[in-house]
4 protein chains.
Amino acid sequence: MNIAMLGSGFIARFYADTLHAQRRLDRIINVYSRNADNAERFAQDYGLDCFSTSMEETINSEKVDVVIISLPNHLHEEAVMACAEAGKAVLCTKPLGRTAAEAKRMLDAVESAGIFAGYLEDLCYTPKFLKSVESVNAGSLGKILWTKSREAHPGPHSDWFWDKEQSGGGAIIDLGCHCVEIGRNFIGKSVRPVEVMCWADTQVHPIDAEDHAIALVKYENGAIGQFEVSWTFRGGMDLRDEVMGTEGTIWLNSFLRTGFDMFTTGKGAKYVAEKAESDSGWLFPVGDEAHELGYPHMFTDMFDAMDKGKEPRETFYDGYIVNAILDAAFLSAESKLWEPIKIDDWRGDNISEKETNYISHDAEYYLIKKETLPNGDEKLILKSKATGKVIQKTTRN
Amino acid sequence: MNIAMLGSGFIARFYADTLHAQRRLDRIINVYSRNADNAERFAQDYGLDCFSTSMEETINSEKVDVVIISLPNHLHEEAVMACAEAGKAVLCTKPLGRTAAEAKRMLDAVESAGIFAGYLEDLCYTPKFLKSVESVNAGSLGKILWTKSREAHPGPHSDWFWDKEQSGGGAIIDLGCHCVEIGRNFIGKSVRPVEVMCWADTQVHPIDAEDHAIALVKYENGAIGQFEVSWTFRGGMDLRDEVMGTEGTIWLNSFLRTGFDMFTTGKGAKYVAEKAESDSGWLFPVGDEAHELGYPHMFTDMFDAMDKGKEPRETFYDGYIVNAILDAAFLSAESKLWEPIKIDDWRGDNISEKETNYISHDAEYYLIKKETLPNGDEKLILKSKATGKVIQKTTRN
Amino acid sequence: MNIAMLGSGFIARFYADTLHAQRRLDRIINVYSRNADNAERFAQDYGLDCFSTSMEETINSEKVDVVIISLPNHLHEEAVMACAEAGKAVLCTKPLGRTAAEAKRMLDAVESAGIFAGYLEDLCYTPKFLKSVESVNAGSLGKILWTKSREAHPGPHSDWFWDKEQSGGGAIIDLGCHCVEIGRNFIGKSVRPVEVMCWADTQVHPIDAEDHAIALVKYENGAIGQFEVSWTFRGGMDLRDEVMGTEGTIWLNSFLRTGFDMFTTGKGAKYVAEKAESDSGWLFPVGDEAHELGYPHMFTDMFDAMDKGKEPRETFYDGYIVNAILDAAFLSAESKLWEPIKIDDWRGDNISEKETNYISHDAEYYLIKKETLPNGDEKLILKSKATGKVIQKTTRN
Amino acid sequence: MNIAMLGSGFIARFYADTLHAQRRLDRIINVYSRNADNAERFAQDYGLDCFSTSMEETINSEKVDVVIISLPNHLHEEAVMACAEAGKAVLCTKPLGRTAAEAKRMLDAVESAGIFAGYLEDLCYTPKFLKSVESVNAGSLGKILWTKSREAHPGPHSDWFWDKEQSGGGAIIDLGCHCVEIGRNFIGKSVRPVEVMCWADTQVHPIDAEDHAIALVKYENGAIGQFEVSWTFRGGMDLRDEVMGTEGTIWLNSFLRTGFDMFTTGKGAKYVAEKAESDSGWLFPVGDEAHELGYPHMFTDMFDAMDKGKEPRETFYDGYIVNAILDAAFLSAESKLWEPIKIDDWRGDNISEKETNYISHDAEYYLIKKETLPNGDEKLILKSKATGKVIQKTTRN
């Protein structure tokens, strides 16, 4: 694939480092930036033939097969519209929009234009995550009851993130978009998210947007997708997911505890581990940062899907659903109420009622619990089907 | 100290195992149980002279210095009242009451009677927790922004826990009482908890009470004390706490990952690690369970406080505050609103307004963030004090 | 018990902190130090009535039930002899002697005198270790094949450790004594250690003794007890044990990774975690250091054994065996040969030959391995009983 | 690159899975196997045009740029010779030879032929390892004193591994080759390995080769490269490395503890995590197994080096040195002596004497240690430059 890159900042470089590594087939061939210097520097660093300060020119270059949007949030819509108009396949970084309305317009545009559109939600492509979802789909955890996705670090890299107008919000829009989609993948994308309760505050930084938020996303089947996002964390980048199912548990730690511990007095020559907040003492680097963050597997899925004419794992529709959930989260943080999630175009299942899976002990009782006590006694805790009364039966050891 | 034990169940045995170990001075001398057989068995197991089915007789035994209440929740009040009447020092297991009203009556009774009263909140006495609180109090983490305490396992040991009438609730009352008090200790007991948002559901078990709940407790200074409690967890007993402060982070794992990993094929002779859900494969025992759960340090504090005529770390007042917070949590789970925490007798601080600690970069700007990018550039993100506009200044490497 | 403490240095204080805590019955009543100031300071700090610069006077004080020797290694023998003469029970810190000859004289003296004698090998009393040994004894790991005990830190606390004459050696005698006895407990104290191969070097410090050593202790049943000891480690105190058995594995981490992670920028008020090499960045404190190092459970076993008139878990005979093994290690480090372990008075088992536990697959073959390949094929690897030829049989998926 | 694959077994499939993934440029075009069925199945599975039971035909196919040898150990030499004759670039799996003599002949052959030759030592290409070596080279750990590389699992996948004639040995040749080269990379490939002490035994399996071994490789600068290898481990695949330097420490865990914990009751649908010994309870999968084992980065280095006409990180010369060290290890396991490492053609440095880095405290003393005691006293431990006597100076708090 020949790729046009829109944007030349932190994320564009991360994408480029991934794409131009490990002997991958696909190449970036040109780059657009609003700033000519940045465009030129990027082109030099990645050996590109062209750079431009015209987005249209970049997209419409004949050789271009696919456009990657690595621009600040407030410029996604314009870029997607340009791709739709040009009929070029488009991959857009996360979040898709600043709001569901914005995302919906992008979704509609790519669907009308009939172009391939992928949502670059990298954290839904980390190798640990992919294998976890595979296990969950295979039933290893039974029915999923709750997921928690946490992303916390000391704050983002560019000015526009900190400006609510350009970004669409603070930690919720920047980090929450990852967490929400992680939860959807585990709980099942076909299960409808129905309402959100969110707390958000600006606890530390001199900004208007929230730098810390926690939310509960309730799904139609009773499952909860929790997210915890913060720009106030000290100690590096905290990236953890947890899943609870009726038959099992998954705990993922994607950054600070991955089996790589290093201590240095700092007296040796300097080596700064990325995103660490110090360069001495105990440090926890990751082996290959792009890999741990899911970039290689993400681009592989996108380009393979294009090749095969099928949908990627993460689509613009997914991006729209994420924005719809985040819209409700922002509302809830203001209203302090559980806010309904408004989805114009629900494509998943509709569940009529919550199912229960009570275990029958015998004709008379449900089994609540069976356990062996420290003294060896065996205990059954039972609930009468008729009266609801709870009793216990102990068999002495 | 000569100790009277009220109750002979799981927790009474845990307490007794702790007290009659490690060559400790204080002894249990008699035991009360509603069931004569259980009382007798307990007396035999711990070498006690007396057992009784009369609570009054047990409390009023002349030799008794202090009474430990290890009864189901619905019997705490009656037992505390009997101690107050008898003028005997009393230590009551957690939670203090099923409701704040119940707890308040107990608090008032012991204060009127002028007796020593300790709240047996063991998880606020684990050695890791004690050292963590010491660090936090010493300022190592700066101002505390958020705490999370999580307790989750497959469900409790006795029938009465599962019966809402007797217990006062499900996972919230059983486990949330620990978590709430852990949060208070980190955030500061003098900081007033103001409101609670709680989600609760009965996801798995055939019971009326909740078997899974998550809540956010908001404190007057803006800090959040989160709790996650569940009787639906698979994999053992998950006991974790986290603290975020402006200058640091604490992560505690008190049970499943404490530096003790064991794999067994199960072909050798059988050894069941406690609370583990299996006896083969990878198991994660703890060394000395009572110690990891805080029992020895808790009783040491209680008896030392009695000796010295001072208050223990955890008092009936603390127990009352915990119940007040849980009352709001139960209300919130029903109303789906942030519910105010009603405290009749607030003894801590009252804060007039939330303070900010913005860092001034120069006369014109606040500093939002300073960082070194992967390519070596140094970047400042600044906010104009006058206009609020966010800008960045990059010094190329 | 009334305890006389000989010595007032680092280890004496650790013992005293343990004994005078957690409402324990037994009390130190007097202290001996070669230095009057130190003796006085110790007596003040622990509320003792007496201190003395006369070892004899201290031991012979009428009230004294038991003497604890917390003196430098070269003074153990003199102190043990004085206890034997006085007929007082004695507990001696590790290592027992600087050499097996010294240890043997102490062993003989206490046995002749008929006094209770305990070997204060604290790391064989950590709660994790006690529970591990219990599991191993219960058969959870099958037959033990290999153990590794590792103790490494940046070096000890007092001058005499660094002086070979007084200490008897460097890291081998200081730390190896722990590791050897840990290995013996797992492999079985009744299994005879037969020979040792040891590498030792002085890699960093300006001293005559070794500051780093690794040894393999071979037991009669073929098991290997490995030790790794160092005074050159950076990053805190590394205390890890591993055990491999035919049916399982144990991994213990007793200090640096016990479920307690703390990050601090150091900008808050200062709190130095003990033995950490820094006071900012990621730190890994332990909850209750004495507990993690085994002191409380060690003294409990010692005093309970005295009360019951039985042997403690760790005896002077154990201390002698440890010294015999270390003697061979020192020799081996010089000779570069596997050196035989000379034990004058072997009280354990004698094994005639190494047993094998080959699994028979059928009349013709032993089973080497059975496994499922990634493509689903099932593979048997077999060895002909007659010819010794190895074959594989694959059943395609 | 067009690749010819020699071999169609476990490792050939692992290589192919890596090469034909992640949109990599280079393709396998044909395969050789001694068994026509296996060759055909492999060709089908990976979409190859050709398969053959003739090694020569496969190598000499005109389109082939590079040959990958994935054959049992005893067939490496023949295959390398065929590549040399054909003048085709060759990549050989580990170990290079069964003995140094065999490896030397292969080295000589490829050097005479002037062909590109790469040594497929994957574990020296894991992302964690690459970043660790980068840190070590940058000086973060000061001078390296000791490394330990450990690989242990329940045994290999094919019959020939278990047959000493074909494999050249047991766990030492199979796993030790990885560990030795890991140590060399950390200590420095230019530092000459001089002698080896090795213990080896057949503790569990009915085979002639060793199933468990531990060795110390001594380098000319005093550093020790330790390896621990076993086919008797229970619990999965244990892959850990440790490095100690004068200024720091590295701990790598590449398989069983990488931030991915899963618990499953096994009641859900089945999903078997690879190499795990069970499919219920706590499991520790890795995200992308090939990546964690270094395959993608290894092939990238190999093909990039070919493109640029430079040497890869791991060469046949490295493979030869590894075999020379393992030869000494086998000898030592028999002789029970430290055996010298015989290298015919040493291309690294020769060090005249071991350097010391004593820290001078003042004119009179070396500094041994400076520390703060728990009671706040500051203590200096010093050694007289003149007399060697060790003293301590304490400044009371």
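Is D:His20 buried, partly exposed or exposed? I opened the notebook with this residue, working in a model that is predicted, and I found D:His20 to be partly exposed, with a relative accessible area of 22%. Since buried means under 20% relative accessible area, I kept D:His20 in the partly exposed class.

**Entry on the surroundings of D:His20**

I then looked up where this residue sits, and D:His20 lies in the loop between helix 1 and strand 2 (27–32) of chain D. Leaving out residues up to four places away in sequence, I listed the residues that D:His20 touches as D:Asp26, D:Arg27, D:Ile28, D:Tyr46 and D:Leu48. For D:Ile28 I also noted a distance, as its backbone nitrogen lies 3.0 Å from a polar atom of the side chain of D:His20. As a separate check along the chain I took D:Ile173, which is 153 residues apart from D:His20, and the C-alpha atoms of the two are separated by 29 Å.

Helix 1 of chain D covers residues 10–19, and I recorded it as mostly covered, with seven of its 10 residues buried. The buried ones that I wrote down are D:Ala12, D:Arg13, D:Phe14, D:Tyr15, D:Ala16, D:Thr18 and D:Leu19.

**Entry on the interface of chain C and chain D**

I next turned to the partner of chain D, and 73 residues of chain C are in contact with 73 residues of chain D. The two chains bury about 6200 Å² between them, and 54% of that area is on carbon and sulfur atoms. On the side of chain C, I found that C:Arg41, C:Pro206 and C:Trp251 supply 11% of the area buried against chain D, more than any other three residues.

For the charged pairs I counted 11 salt bridges across the interface of chain C and chain D. I looked up the one in which the side chains of D:Lys383 and C:Asp208 meet, at 3.5 Å from N to O. For polar contacts I obtained 28 residue pairs across the interface of chain C and chain D, with both residues at pLDDT 80 or more. Sorted by class, the side of chain C that touches chain D holds 30 nonpolar, 18 polar and 25 charged residues.

**Entry on the interface of chain A and chain B**

I repeated the search for chain A, where 73 residues are in contact with 73 residues of chain B. Chain A and chain B bury about 6200 Å² between them, with 53% of it on carbon and sulfur atoms. In chain A, the residues that lose the most area to chain B are A:Arg41, A:Pro206 and A:Trp251, which together make up 11% of what that side buries.

The count between chain A and chain B is 11 salt bridges, and I noted the one joining the side chains of B:Glu195 and A:Lys336 at 2.5 Å, N to O. I also obtained 29 residue pairs in polar contact between chain A and chain B, both residues at pLDDT 80 or more.

**Entry on chain A as a whole**

I counted 11 helices and 18 strands in chain A. Its radius of gyration is 24 Å, close to the 21 Å that the globule rule gives for 397 residues, so I described chain A as being as compact as a globular protein of that length. Taken along the principal axes, the C-alpha atoms of chain A fill a box of roughly 80 × 60 × 45 Å, and buried residues make up 66% of its 397 residues. Among contacts in chain A between residues at least 6 apart in sequence, I found that 66% join residues at least 24 apart.

How values were computed:
Residues are numbered from 1 along each chain as its sequence is written. Chains are lettered from A and ligands numbered from 1 in the order in which they are written. This is a predicted model: local features need pLDDT of at least 70, side-chain atom pairs count only at pLDDT 80 or more; totals for chains, interfaces and linings use all residues. Side-chain values use heavy atoms; hydrogens and water are left out. Contact means heavy atoms within 4.5 Å. Buried area is the accessible area (1.4 Å probe) that two parts lose on being put together, summed over both. A salt bridge is a side-chain nitrogen of Lys or Arg within 4 Å of a carboxyl oxygen of Asp or Glu. A polar contact is a pair of N or O atoms within 3.5 Å; within protein, one must be able to donate a hydrogen and the other to accept it, and residues adjacent in sequence count only if both atoms are side-chain atoms. Ala, Val, Leu, Ile, Met, Phe, Trp, Tyr, Cys and Pro count as nonpolar, Asp, Glu, Lys and Arg as charged, and the others, Gly among them, as polar. Helices (H or I, at least four residues) and strands (E, at least two) are DSSP runs, numbered from the N terminus. The radius of gyration is taken over C-alpha atoms; the globule rule is 2.2 Å times the number of residues to the power 0.38. Buried means under 20% relative accessible area, exposed over 50%, partly exposed in between (1.4 Å probe, protein chains only).
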